[in-house]
Amino acid sequence: MIIECKNLTKSYAVENTMVHAADTVNLSVNKGDFLVILGHSGSGKTTLLSLIGGLTSPDKGQVFIDGVENWQQSDRALSTMRNSKIGFIFQFASLIPTLSIMENILLPLSFGENPAGSRDLALDILDQVGLADKGKAFPSQLSGGQQRRVAIARSFINCPDIILADEPTGDLDEETERDILALFRRYNEQGTTFVVVTHNSDLAATQKDARVFSMRQGVLSGQAA
Amino acid sequence: MAPRNLEKQLNILDYALSSLWRRRMKSLSVLLVFAAVIFLLASFQMVTQALTDKASQVLAYTPEITLQKMSAGRQEAIPLAYRDRLAGIFGIRRVVPRIWGYYFDEVRLANYTVMGMDVREMPEGDRLDTALAKGTIPGPEEQGRVVVGQSIVKALNLDERNTFSLFRPDLSLKTFTVSGAFSRDTDIMTNDLIVMSLADARDLYEIPAGLVTDLCVYVANPKEIGTIARKISAILPGVRVLTRPQIQKTYQVVFGWRSGFGSICLLAALASFVILAWDKASGLSPEERREISILKVLGWETSDILAVRFWESVIVSGLACIVGMTAAYIHVVYFAAFLFRPVLMGWSVLRPDLHLVPRMAVGNILLILAFTVVPYLAATVIPAWRSATVPADSALGG
Ligand SMILES: Nc1ncnc2c1ncn2[C@@H]1O[C@H](COP(=O)(O)OP(=O)(O)OP(=O)(O)O)[C@@H](O)[C@H]1O
Ligand SMILES: [Mg+2]
């Protein structure tokens with residue numbers, strides 16, 4: 001089991017009322033699974049990804065990545081785990097505006113052994129998302145969809161075991177969306193685990209054996225009909 | 001593990017350099033202000049140090065005790081005969097009469113200091129030879145021959161000619177021949193000085209025979225200066241007895257006041273610099289918060305982000321130190337500290353030629369670093385701790 005959530009609970013106080021962003025979520029993910037989590041806006045999807053990735057600490061419950069509980073380890077170990085095991089695709093723009101596309105993509109590698117081939121790897125991934133010629137450009141010179149694809153490329157650069165993707169195809173046109181989902185499928189077939197949250201109920205159909213969940217007011221329920 | 005860690009630090013350094021470059025206008029302005037502050041502090045330090053060195057040189061030539069006759073609170077000529085009345089005091093090595101005064105050159109609007117004494121009579125008068133750039137010190141019998149300071153050489157154009165004339169009080173002219181010139185190293189004392197024989201000075205100022213302006217008393221044992229001064233006061237009431245330690249104190253008061261004034265100016269500059277450093281380098285703008293959050297999501301630790309800030313600060317302050325110190329050295333050595341001239345020396349017409357030999361005491365360098373680099377590092381790195389409070393998930397939302 002690569003990801004395991006036990007009774008995961010997180011609430012936020014918003015104007016005197018408690019919002020249950022995650023409500024006793026239990027989830028087990030095996031290596032190579034492709035999870036799709038559907039849910040309306042505000043249902044807690046981003047919160048769940050953030051809890052899994054060790055970015056938000058839960059009020060109650062635990063998250064285990066490869067059997068290690070996220071919040072039982074030091075800041076350093078947690079950071080190293082994020083850096084080496086997880087690729088995160090943000091829901092919103094997440095490029096650093098003052099760095100070039102190439103520099104943005106290489107950011108997660110800043111602390112690795114930085115093999116000489118990392119630039120080639122970055123170019124290869126840029127090519128896979130259809131932006132081979134944009135390495136020297138800056139984020140402001142790219143469209144929203146192109147920036148999204150750069151962020152996707154960045155999440156793959158450190159060859160993570162797990163990709164946590166928050167609405168990854170939200171602002172892509174149909175053809176680009178198809179390319180990206182095909183890319184996901186290729187990586188998934190090579191063993192990368194995916195947890196993808198989306199409004200798009202057709203997404204699951206593009207993947208092999210996707211497990212589909214739905215989320216409502218922080219409650220995760222199994223295989224949607 | 002070690003090489004991996006090194007690799008990581010190099011990557012962080014690389015990131016720090018590129019983020020400095022990204023904000024190059026901001027970085028450059030901080031660097032310039034920083035370098036300017038260090039430049040001021042270091043120049044100031046070198047100048048005061050050089051002046052202090054000079055002052056102690058001057059004092060080395062000052063007689064241990066100087067006697068002046070006072071009347072109605074003002075100095076007047078002292079009879080040479082007083083010399084004999086000191087003969088009974090044990091411990092006095094020698095008493096040398098001296099006539100010294102100022103000469104105002106109405107043509108060049110400059111003040112000269114005239115010193116008439118028979119140099120060979122001074123216990124260490126021979127040592128004065130070493131203070132000469134060229135020529136010799138004239139003997140007492142060589143009438144009309146003088147040794148002049150560097151600014152006199154310049155003001156009176158003595159490179160090209162050998163003689164000059166000064167007016168006596170009755171406006172008749174007295175002509176002098178240059179026998180030697182003091183070297184630049186003794187400028188603080190000799191810059192505007194004309195040294196001549198006692199007889200020539202008497203002639204120039206029309207001082208009657210048997211009178212001089214002061215008597216220089218040299219003692220055998222410096223420890224007895226105080227005792228001997230008291231004895232002289234008792235024997236010669238109405239005579240002002242100045243001791244070397246008193247003169248030393250006066251110097252220190254003057255330098256202390258001047259450097260105190262300078263210090264206040266520098267403190268003001270320093271304070272505004274710290275505020276600027278704080279303002280420029282510390283604030284976490286929304287963009288910076290976002291950047292920190294993104295970096296955290298990508299697996300950077302808080303300590304890595306702090307390390308970036310630290311390297312940025314070290315690079316900026318290191319460059320500023322090199323630039324500031326070098327500029328200060330050039331300023332003091334090649335431009336004779338012209339920025340500080342008015343504060344430190346007063347606006348004498350003659351002073352601008354003063355040649356300073358800068359000295360940088362290691363302790364003072366460290367002090368300057370402590371006053372600049374440390375506050376800057378603190379002002380940049382400590383607020384970066386705030387990045388620790390930026391939640392990693394804050395970039396996830398909109
Ligand atoms: N940092 C926070 N502070 C306060 N409330 C929060 C915070 N993060 C999330 N929430 C609340 O938790 C609930 C779930 O938010 P979340 O962002 O997980 O929803 P979502 O399913 O990702 O929505 P969307 O599809 O619009 O992105 C929302 O009601 C939101 O207001
Ligand atoms: Mg969301």
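Let me begin inside helix H6 of chain A, where A:Arg185 and A:Glu189 stand four residues apart and are therefore separated by about one helical turn. Their side chains meet in a salt bridge, with 3.0 Å from N to O. As for how far these two residues are covered, A:Arg185 is partly exposed at a relative accessible area of 28%, and A:Glu189, at 48%, also counts as partly exposed. I should say at this point that what we are looking at is a predicted model, and that everything I describe is computed from it.

Staying with that helix for a moment, H6 of chain A covers residues 174–189 and lies across strands E3, E6 and E8 of chain A, running at about 150 degrees to E8(A), the strand at 193–198. That brings us to the sheet itself, which is an open sheet of six strands in chain A, with the order E6-E7-E8-E3-E9-E10 and mixed pairing. Its edge strands are E6, residues 86–89, and E10, residues 219–221, each of which pairs on one side only. From one strand to the next, the twist averages 20 degrees.

Within this sheet I would like to pick out one pairing, that of strand E3, residues 34–39, with strand E9, residues 211–216, which run in the parallel sense and are joined over five bridges in chain A. Which residue of E9(A) is the bridge partner of A:Val36? That partner is A:Val212.

At the start of that same strand, E9 of chain A, there is also a side-chain link to consider, since A:Arg211 forms a salt bridge with A:Asp33, the closest N and O atoms being 2.7 Å apart. A:Asp33 lies in the loop between strand E2 (17–29) and E3, whereas A:Arg211 belongs to strand E9, so the pair ties together parts of chain A that are 178 residues apart in sequence. Are the two partners buried or exposed, given relative accessibilities of 16% for A:Asp33 and 23% for A:Arg211? Because the cut-off for buried is under 20%, A:Asp33 counts as buried at 16%, while A:Arg211, at 23%, is partly exposed.

To put chain A in a wider frame, its secondary structure comes to six helices and ten strands, and buried residues make up 55% of its 225 residues. Among its contacts between residues at least 6 apart in sequence, 69% join residues at least 24 apart. The accessible surface of chain A comes to about 10,100 Å², and 48% of that belongs to carbon and sulfur atoms.

Let me now turn to salt bridges more broadly, of which the structure holds 15 over all chains. In chain B, the side chains of B:Lys174 and B:Asp200 meet in one of them, at 3.2 Å from N to O. B:Lys174 lies in strand E9 of chain B, residues 173–182, and B:Asp200 in helix H6 of chain B, residues 198–205, so this pair ties together parts that are 26 residues apart in sequence. Both B:Lys174 and B:Asp200 are buried, and they are linked with B:Arg168 and B:Asp203 in a network of salt bridges.

I will end at the surface of chain B, where B:Tyr329, B:Ile330, B:Tyr334, B:Phe335, B:Phe338 and B:Leu339 make a nonpolar patch of about 670 Å². One of these residues, B:Phe335, lies in the loop between helix H10 (302–333) and helix H11 (341–345) of chain B.

How values were computed. Residues are numbered from 1 along each chain as its sequence is written. Chains are lettered from A and ligands numbered from 1 in the order in which they are written. This is a predicted model: local features need pLDDT of at least 70, side-chain atom pairs count only at pLDDT 80 or more; totals for chains, interfaces and linings use all residues. Side-chain values use heavy atoms; hydrogens and water are left out. Patches are made of residues with over 30% relative accessible area and no salt bridge: like charges are joined within 9 Å, nonpolar side chains (Val, Leu, Ile, Met, Phe, Trp, Tyr) within 5 Å. Accessible areas come from the Shrake-Rupley method with a 1.4 Å probe; for residues, only the protein chains shown count as cover. A salt bridge is a side-chain nitrogen of Lys or Arg within 4 Å of a carboxyl oxygen of Asp or Glu. Helices (H or I, at least four residues) and strands (E, at least two) are DSSP runs, numbered from the N terminus. Two strands pair if DSSP finds at least two bridges between them. Axes are lines fitted to C-alpha atoms, for helices over the stretch in contact, and angles run from 0 to 180 degrees between N-to-C directions. Contact means heavy atoms within 4.5 Å. Buried means under 20% relative accessible area, exposed over 50%, partly exposed in between (1.4 Å probe, protein chains only).
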